[in-house]
Amino acid sequence: MKAPGSRDEMKAEYGRYTARRVLFIAAFAVLIVALILISITVGTRSLSVTEVYTYLIDHIRGRVYDRATEYQMWYDDSIVWNYRLPRALFAVLAGTSLAVAGAAMQSVMKNPLADPYTTGISSGALMGVAISMVLGFTVGGGGVDGFGTIINAMIFAMIPVAVIYIMAPFFNRSPSTLILAGTAVAYLFNSLTDILLVTTDEQTLSEVYKWQVGSLSDVTWDAVPLVLITTIVGTVILLFLSGKLNLMSLDDKDAKSLGLDSEKMRLVCLLVLSFMAAAVISYAGIIGFVGLIVPHMVRLVIGSDNRFVIPASIVVGASFLLICDIIARALDISAAAIPVGVVTALIGSPIFLYLIVKNRRAIWRWYPRESVRVSAPTAGRVTAASWHPRCWS
């Protein structure tokens with residue numbers, strides 16, 4: 001007879017728990033495909049899933065509809081391929097970037113209220129947009145109607161991160177200090193943006209507002225390549241560092257005793273996730289709540305081991321933003337869809353309040369309750385001998 005709680009039993013239990021997490025991720029991956037098809041059907045021109053599938057397959061096979069004799073099919077094909085498909089794919093990429101960046105930010109900052117915009121990149125991006133639209137100045141002279149505004153948003157979004165990175169050696173690089181520094185920089189950029197906006201006209205204010213709340217209405221194929229690259233590269237890097245992100249939940253001294261330089265690791269992660277979020281902001285504006293609530297929901301279901309939290313954040317973040325975008329287009333007001341950032345806030349706020357009420361600090365533990373004294377070779381991963389489901393409950 002094996003003693004209760006033996007190594008073999010714990011190993012089998014850990015295997016079953018891991019299988020459930022993998023199944024959770026796989027289920028949401030399938031859901032994404034279904035949501036993409038549904039997303040393409042929603043709009044002022046109603047199309048069925050079968051019609052959308054037919055247009056996609058025909059376009060891939062190279063079929064071209066004659067505008068004169070097949071105008072309706074040509075028009076539907078144009079809508080599906082040139083507008084709705086890139087918007088749906090961008091929603092997947094944006095949801096992935098923001099959710100993964102949020103999960104990493106909360107881990108490196110050890111703060112459940114952290115999100116991808118904690119370092120002030122959203123305020124910097126908004127200032128870049130305001131400078132482009134109000135003053136007509138764009139970095140590189142790209143023009144307000146071209147990529148100039150997007151380039152401005154990308155560059156100015158990284159300025160707060162650069163300021164914090166440059167100033168880091170001069171102050172304590174603890175999570176609380178970095179959060180305070182990001183808040184200070186954000187307030188500075190917001191005040192400068194407000195000065196610009198009070199001097200401009202209503203039309204410009206309306207355009208800046210779309211960036212401020214986040215919208216996917218103007219997304220085309222041109223927006224996909226940059227966000228695709230930053231999403232893939234950033235996610236791969238953070239997945240590679242997921243074991244070290246687990247150690248970031250420990251005290252910096254404990255992490256250092258296991259061979260991890262927490263301060264350097266924190267700055268590297270901030271740089272990576274800031275590029276991911278900045279790329280999304282530069283095309284779609286400031287889409288809130290995705291990077292804040294998705295990691296919380298994931299941790300509540302599968303625990304806080306970042307080796308699973310980050311992959312789960314990919315699929316849940318993409319699904320969440322796709323659902324919000326579908327709702328935004330379905331709620332047609334005055335022939336104009338609601339900005340997706342408004343919907344994420346409407347849905348995200350109640351969910352976040354629920355998570356606060358259901359606050360369980362233990363979901364942040366990836367390590368056993370009994371001890372965090374693990375050897376350096378096993379740092380960042382949980383072994384069957386040391387694991388127990390209660391560690392994540």
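1. Partly exposed, as used in this note, lies between buried, under 20% relative accessible area, and exposed, over 50%. Arginine 63 has a relative accessible area of 41% and is therefore partly exposed. The model discussed here is predicted.

2. The count of salt bridges in the structure is 6. The points below take up some of them.

3. Arginine 63 pairs with aspartate 58 through a salt bridge between their side chains, at 3.8 Å from N to O. The acidic partner, aspartate 58, is buried at 13% relative accessible area. This pair is part of a wider arrangement: a network of salt bridges links Asp58, Arg63 and Glu70.

4. Which residue forms a salt bridge with arginine 87? The partner is aspartate 325, and the closest N and O atoms are 2.8 Å apart. Arginine 87 belongs to helix H3 (residues 71–109) and aspartate 325 to helix H13 (residues 306–330), so the salt bridge ties together parts 238 residues apart in sequence.

5. Is arginine 87 buried or exposed? Its relative accessible area is 10%, so arginine 87 counts as buried. Aspartate 325 is buried too, with a value of 0%.

6. Another salt bridge joins the side chains of aspartate 305 and arginine 307, with an N to O distance of 2.4 Å. Aspartate 305 is buried, at 1% relative accessible area. Arginine 307, in turn, has a relative accessibility of 27% and is partly exposed.

Note on methods
Residues are numbered from 1 along each chain as its sequence is written. This is a predicted model: local features need pLDDT of at least 70, side-chain atom pairs count only at pLDDT 80 or more; totals for chains, interfaces and linings use all residues. Side-chain values use heavy atoms; hydrogens and water are left out. A salt bridge is a side-chain nitrogen of Lys or Arg within 4 Å of a carboxyl oxygen of Asp or Glu. Buried means under 20% relative accessible area, exposed over 50%, partly exposed in between (1.4 Å probe, protein chains only). Helices (H or I, at least four residues) and strands (E, at least two) are DSSP runs, numbered from the N terminus.
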